[in-house]
Amino acid sequence: MRHFDELLEELRAKLLEMSGLVQSAIHKSALSLRERDLSLAESVLKGECRINQLELDIDALATSLLALEQPVAADLRFITAAAKINNNLERIGDLAQNIAERAQALLNEPRFDVRVDISQLADLVESMVQMALDSFVKKDPQQARRVLFSDDGVDALRDSVFAQLIDYMKKNSQAVEYCVDLMFAARSLERIADHATNIAESVLFMTEGVDVRHHAHAH
Amino acid sequence: MTRSGAWKSVMNVLMFSLTGLCTLFTIGTLLFILGYLVSHGASALNWAFFTKLPVPVGEIGGGMANAIVGSAKVLLLATLIGVPIGFLGGVYLNEYAGAAAAFVIRYATDLLNGVPSIVIGIVVYTLVVHPMGHFSTVSGGVALGIMMIPIAVRSTEEFLHAVPNSLREAATALGASKWKTIVTVVVPAAITGIITGTMLDLARVAGETAPLLFTALNNQFWSAGWSHPTATLPVMIFAYAIAPYDDWHRQAWAAGFVLLMFVLAINITARFILSRASYAPRGMV
Amino acid sequence: MDPSSGDLAKAVDARTPLPGNHSPADTPGGIGSDQMKVQTMKLKASNVNFFYGGFHALHEINLQFSANKITALIGPSGCGKSTFLRSLNRLHETIRGARLEGTIVLDNENILAMNASALRRRVGMVFQRPNPFPKSIFDNIAYGPEINGMGNHQHVAELVEQSLIRAALWEEVKDKLHQSAYGLSGGQQQRLCIARALAVNPEVLLLDEPCSALDPIGTAKIEELLFTLKDQCTIVIVTHNMQQAARVADYTGFFLMGKLIEFDDTKKIYTTPGKKETEDYITGRFG
């Protein structure tokens, strides 16, 4: 294997490690929200620093590859995509942390029996992230496109969660604090889905060389 | 291992000594000839040698003024005949001839170069002297001119060949036709070398004697114009050396010395000029 | 009669769409921009086949060169890119046994039917190694104008100065115009060769690996020069240095084993090449 290919492989491996950490952070934060589990929330907060470190490592590696190897074509697309995916993963990590913080806050508040679809939202977002990262690993543009199509479903679900919470708050003014926390968590989940979409777009650029950002739909 | 090592070192020393000795012998021969000529010739040289005509048998003194002028005339004529033909032939050979034609031309030129000079003398005698009815400066010039052709061809070819093809391409790419490229770029780039080659060619034929015996013959007096027999230095050396007179032997040595100095001077000048040429084949400088 | 009006008519006739597909980013908005991007084609090669004796060196090359653009030809050694370049000013005719089939058109005129000298005056060339004549700097530049009978001595002197300025060499040599060109550095010699080619005002400039014998500074100067020359002529450059092609060229053609594998915008070739062979070559995974 050429030296350059080894470095590309290293970049890929680091990105996969980061993907794993981020996915588990999403999963744990969503679960801590659902199960009201403090230890899960805390473990998300603790895991954050490793994700941050990986982000720095991956950026440094990508920059040095660009500077020293002057990659072109598929190599260039892979490295630029990796750098973007890296940023998106780090943001997802931050958002998972936000959710975990909300979960912690909710534990200190009186509980209300609000009927919201937030678990459904969390499941959908988790599966989108999973699919986006899968499409990166398998270099599968079809799967990346499916991620792009899922985003509308997430937006709709978030809107319905918001509507449900607002409805509930109108009826129970004591539950405002509780509901606002849930709203923030829902918003974070939706933002995670946006980053998953960005990752899928990078995968499309990487595999097919097409830029689908800021367009109404994928080709 | 040790035995073969010892054998190797013995062979090394042996070959080194043998080749070295042969080289020494070569240089020694040259130095001996030079020394001999200088000791015999230089001492015999005086002002009269350059200014006086030969004196009749029995008288002491006189010189070879007529032979010096005769040689100069014959060589001038030879150059005027041999160099243009050889030069243009060399241009054709290097610039126009295809591989097969070039092989034939080179082969023929080398054969011509190998023709014994006395044979060329006979041919010129038959073709020029006989129809004219008498020996002449012209026929001597023709004979030496023919002898100059092969070397002129090959040295022109070699120096043209040393001009990088990229120069021809550059001129061609600027819109120059083939002959214009040759005239304005290739030949100017090689001209120093070609001139040098011509000088060395001249130095080589300057000492030729055999063809002159059949053509220019000899003359004890001044030879007017171009159509009469003339004295030349090599033939004078021959005639004086075989004569039974000490004073003639002395003069023959002097003539030999002058001829050698002439050839040496041309050689040194030529090599000096060549060292300043833009393009020259490897090993020529 | 004004000759330029005739040229203009030819140039308009030669207008054809650009090769390759263009990124939508070039046409803002996309909708409503129905005007197709047109480009004047300076040189068009159609169905070019090339033979060295029995060896088929180029196969069915179809390639067009846009006016006032830099087109790079890349590919491994022996792929035919230099052979193709040399056929553009018929320099191959100096090689015995070389044969060209097909048509190459310069402004709607078949170059194979043109007078070779006239063609080469319009299509200049710079070679792999600097090859100044063993003459003075002035005489090197004046050579082209003089053999082509371009005006009197005064005019030739002006051309020499202009050409040296265009080749960004004037400041370095103006005080030693009558010294030998061999006293210049390699990079300066190559710029001298470019100036020599420019002196006959060529419409197309062919460069055959012009920087392969130069150091990075000499190379950078030549590349910078190419950008300034683009306005004045159409440039075709053969290079082994892929980064160089990426830096200077608007369009890039990739040759492999005598065939034109891919031709497109340089940006496209270096980010999303259409052919696997191109991808393998430019990413260094060749063979």
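## Close-ups of a predicted model

**View 1. A nonpolar patch on the surface of chain B.** Start with B:Met15, which is partly exposed, with a relative accessible area of 41%. This is a predicted model, so keep that in mind for each view. B:Met15 sits in helix 1 (residues 2-44) of chain B. Who joins B:Met15 in the nonpolar patch on the surface? Its partners are B:Trp7, B:Val10, B:Met11, B:Leu14 and B:Leu18, and together the patch has about 610 Å² of accessible area.

**View 2. The second largest pocket.** This pocket holds about 690 Å³ of space. Its lining takes in 28 residues, and the ones nearest the centre are B:Glu95, B:Asn165, B:Arg168, B:Lys178 and C:Thr94. Chain B gives two or more residues to the lining from each of helix 3 (65-96), helix 4 (99-114), helix 6 (137-161), helix 7 (165-173) and helix 8 (178-206), and helix 3 (116-122) of chain C does so too. Sort the lining by class and you get 10 nonpolar, nine polar and nine charged residues.

**View 3. Two residues with positive phi.** A:Ala73 isn't a glycine, yet its phi is positive, near 50°. You'll find A:Ala73 in helix 3 (residues 73-107) of chain A, and at 0% relative accessibility it counts as buried. B:Leu217, also not a glycine, has a positive phi of about 55°. Look for B:Leu217 in the loop between helix 9 (210-215) and helix 10 (233-242) of chain B; with a relative accessible area of 31%, B:Leu217 is partly exposed.

**View 4. A salt bridge within one helix.** B:Arg250 and B:Asp247 pair up through their side chains, with 2.9 Å from N to O. Both belong to helix 11 (residues 246-274) of chain B and are three residues apart, about one turn of the helix. Are the two partners buried or exposed? B:Arg250 is partly exposed at 26% relative accessibility, while B:Asp247 is buried at 11%.

**View 5. Salt bridges in chain C.** In one pair, the closest N and O atoms of C:Arg86 and C:Asp208 are 3.7 Å apart. That pair links distant parts of the chain, with C:Arg86 in helix 2 (residues 81-87) and C:Asp208 in strand 8 (residues 204-208), 122 residues apart. Both C:Arg86 and C:Asp208 are buried. Another salt bridge joins C:Arg120 to C:Glu93, with 3.8 Å between the closest N and O atoms. C:Arg120 is in helix 3 of chain C and C:Glu93 is in the loop between helix 2 and strand 5 (98-106), so this pair ties together parts 27 residues apart in sequence.

Technical notes. Residues are numbered from 1 along each chain as its sequence is written. Chains are lettered from A and ligands numbered from 1 in the order in which they are written. This is a predicted model: local features need pLDDT of at least 70, side-chain atom pairs count only at pLDDT 80 or more; totals for chains, interfaces and linings use all residues. Side-chain values use heavy atoms; hydrogens and water are left out. Patches are made of residues with over 30% relative accessible area and no salt bridge: like charges are joined within 9 Å, nonpolar side chains (Val, Leu, Ile, Met, Phe, Trp, Tyr) within 5 Å. Accessible areas come from the Shrake-Rupley method with a 1.4 Å probe; for residues, only the protein chains shown count as cover. A salt bridge is a side-chain nitrogen of Lys or Arg within 4 Å of a carboxyl oxygen of Asp or Glu. Helices (H or I, at least four residues) and strands (E, at least two) are DSSP runs, numbered from the N terminus. Buried means under 20% relative accessible area, exposed over 50%, partly exposed in between (1.4 Å probe, protein chains only). On a 1 Å grid over the protein atoms alone, a cavity is a set of points where a 1.4 Å probe fits but cannot get out, and a pocket is an open set with protein on both sides within 12 Å along at least five of seven lines; lining residues have an atom within 4 Å of a point. Grid points are joined across faces, edges and corners, and a volume is the space filled by probe spheres set on the points. Ala, Val, Leu, Ile, Met, Phe, Trp, Tyr, Cys and Pro count as nonpolar, Asp, Glu, Lys and Arg as charged, and the others, Gly among them, as polar.
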